[in-house]
Amino acid sequence: MTKKASQGTLQAKLDSVPNLVDYLYGNKKGSPSSDAVLRQPPPGVQPEYTSWRDEQFAWNNSVAFYNQSFHMISTVIRGKDAKALIQSLAVNNLEKFGPGKARHYLACGYDGNIVGDGILFCEKENEIELVGRAAGHKWLEFQAKIGKWDVTLHPDQIFSQNEAGRRRVFRYQLEGPNAYPLLEKLNGAPLPDVPRTTIVKFNIAGHPVSGFRMTMAGGPGLEFWGPWENGEAVKAAILAAGPEFDLRQVGSFAYFATAIEIGWVSRPMHAIYTSEEMRPFREWLPDTANEIKWSLGGSFYSPNIEDYYLNPYEVGYGHHVKFDHDFIGRKALEAAAGKKHRKRVTLAWNPEDVNKVTASYMNKDELPGLYINHPVSNFANWQYDAVCDDAGKTIGMAVYHGFSWNERSMLSTAVVEADFAEPGSKVTLLWGEPDGGKRSRPWLEPHRQMKIRATVVPTPK
């Protein structure tokens, strides 16, 4: 018999909820397009600087400047067991990871489904920084707490939750065909030609910065960082040199649309709710965690929360999974490795069907389709819209939607059955809530579901 969970924990909250899926559908938190980080962004980031269209155009055609200093969580792990702790969770092999390197971090639960991910940075021996969403940080923190690891963790919360009113480092990106010429002018010399996972050192306005070859939309450029107190001077130097290279600052509207152009599944459902082995973690998480506060939405509906879980193979991370080390979830992923999996794809919406949805807003005599927001069209934190075949059978889920000005198209990142994953495959996306928004008022207007034809296309980047 399972003992009763302590009050104030995620597990206690789950025990009081008749059906988790229905509970999350009723959450009123809203969506990426209405969160404070977009509508009321932190100091130094506007919703738009020119327009989100112009800013999207810049990362493909000139150079875009992203200020990432405010919205991502950072945790520094120090101690002789820092790497071993992370390796016990990461599906990817970190044997060659160390000072001067950066790596993707992907952690799963015991069932092999994704719990969280992020980017690892190492600039000093026995000191590693994890940057990304809260889920990966919390899972790491819990494992550090219950294990016999010689580590200390130093979390740096997002700016809105940071009592110090400052971060440990500023974090910027420059992306686009003019990114490297601009960076070399700022540095006063060519940048070293280093592998993608190697951290490069250079200077901007006399201040040392560290960077590596990662960009939000997949184009050429660097992400770079340095001490918080140098951030304004570095930013000023970038903006002063920018006009020569046709630089655009990217606001929060365009920034969160970058994921559409690289096909990144940015918010997979955290696979922590059902496994008995995950129960201690649920009893450690508070009942204020994102896992119970975030909203679930979309036309795909199942009363079973496990139907929303995703594994690494389905989201394009299968190549990261290495069975040459022990990690949580290894046994389940080994069992799944040889099976046929759903695949991550990009869907291009049929323009005629998009126009039909838009036209439905104009007719007062009929219930309209759900409003399509631009540039990011998700209306829930976890969005799962049904993708169907010609017979109406659900063959996958679309999890991120938006408009790409570079492609002049509404695009979705989706996970579909392998038989429908080849470019040119025709599918139908069901747009709108199953009950027409009744569960989700007041932040969703009453609407009717509408079918949108879509074609699997190559991901832009």
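In this predicted model, Tyr384 makes a good starting point for a tour of the interior. Setting aside neighbours within four places in sequence, Tyr384 is in contact with Pro268, Met269, Leu296, Gly297, Gly298, Ser299, Phe300, Tyr308, Leu310, Met397, Ala398 and Val399. Tyr384 also belongs to the largest nonpolar core, a group of 63 residues. Together with Tyr105, Trp139 and Met269, Tyr384 is among the residues with the most contacts inside that core. A second core, separate from this one, has 45 residues, including Trp52, Ala259, Ala348 and Ile395. Such groupings fit a general tendency: in soluble globular proteins, nonpolar side chains tend to be buried together.

Helix H14, which spans residues 351–360, shows how a helix can have two sides with unlike surroundings. Its buried residues are Asp353, Val354, Val357 and Ser360. Viewed down the axis of H14, these buried residues fall within an arc of 120°, so they line one face of the helix. A general rule of helix geometry helps here: an α-helix has 3.6 residues a turn, so residues three or four places apart point the same way. On the other side of H14, Pro351, Glu352 and Asn355 are exposed. At the start of the helix, a side-chain oxygen of Asn350 comes to within 2.9 Å of the backbone nitrogen of Glu352.

What do the buried residues of H14 pack against? Their partners are four strands: S13 (343–349), S17 (409–416), S18 (426–431) and S19 (450–457). Strand S13 is itself mostly covered, with five of its seven residues buried. S13 runs antiparallel to S17, and six bridges join the two; within this pairing, Val345 stands opposite Ala414. S13 is also antiparallel to S19, to which four bridges join it. Here Ala348 stands opposite Thr455, and Ala348 is one of the residues of the second core.

Elsewhere, six strands form an open sheet of mixed pairing, in the order S8-S9-S10-S7-S1-S11. Strands S8 (200–204) and S11 (247–249) stand at the edges with a single partner strand each, so one side of each is left without a neighbour in the sheet. From one strand to the next, the twist averages 30°. The partner of S11 is S1 (residues 63–67), and these two strands run parallel, joined by three bridges. Phe65 in S1 has Gln249 in S11 as its bridge partner. Helix H4 (residues 52–61) lies across S1, S7 (169–175) and S11, and runs at about 115° to S1.

Two residues, Arg171 and Gly424, round off the picture. Arg171 has its place in strand S7 and is buried, with a relative accessible area of 4%. Its side chain is joined to that of Glu223 by a polar contact of 3.1 Å. Not counting residues up to four places away in sequence, Arg171 touches a range of others, among them Tyr66, Asn67, Phe121, Glu129 and Trp225. Gly424, by contrast, sits in the loop between S17 and S18 and is partly exposed, with a relative accessible area of 42%. Beyond its neighbours within four places in sequence, Gly424 is in contact with Thr455 and Val456. How many residues apart along the chain are Gly424 and Arg171? The answer is 253, and their C-alpha atoms are separated by 39 Å.

Key
Residues are numbered from 1 along each chain as its sequence is written. This is a predicted model: local features need pLDDT of at least 70, side-chain atom pairs count only at pLDDT 80 or more; totals for chains, interfaces and linings use all residues. Side-chain values use heavy atoms; hydrogens and water are left out. A nonpolar core is a set of buried Ala, Val, Leu, Ile, Met, Phe, Trp, Tyr and Cys residues joined through side-chain atoms within 4.5 Å. Buried means under 20% relative accessible area, exposed over 50%, partly exposed in between (1.4 Å probe, protein chains only). Contact means heavy atoms within 4.5 Å. The arc is that of the directions from the helix axis to the C-beta atoms. A polar contact is a pair of N or O atoms within 3.5 Å; within protein, one must be able to donate a hydrogen and the other to accept it, and residues adjacent in sequence count only if both atoms are side-chain atoms. Two strands pair if DSSP finds at least two bridges between them. Axes are lines fitted to C-alpha atoms, for helices over the stretch in contact, and angles run from 0 to 180 degrees between N-to-C directions.
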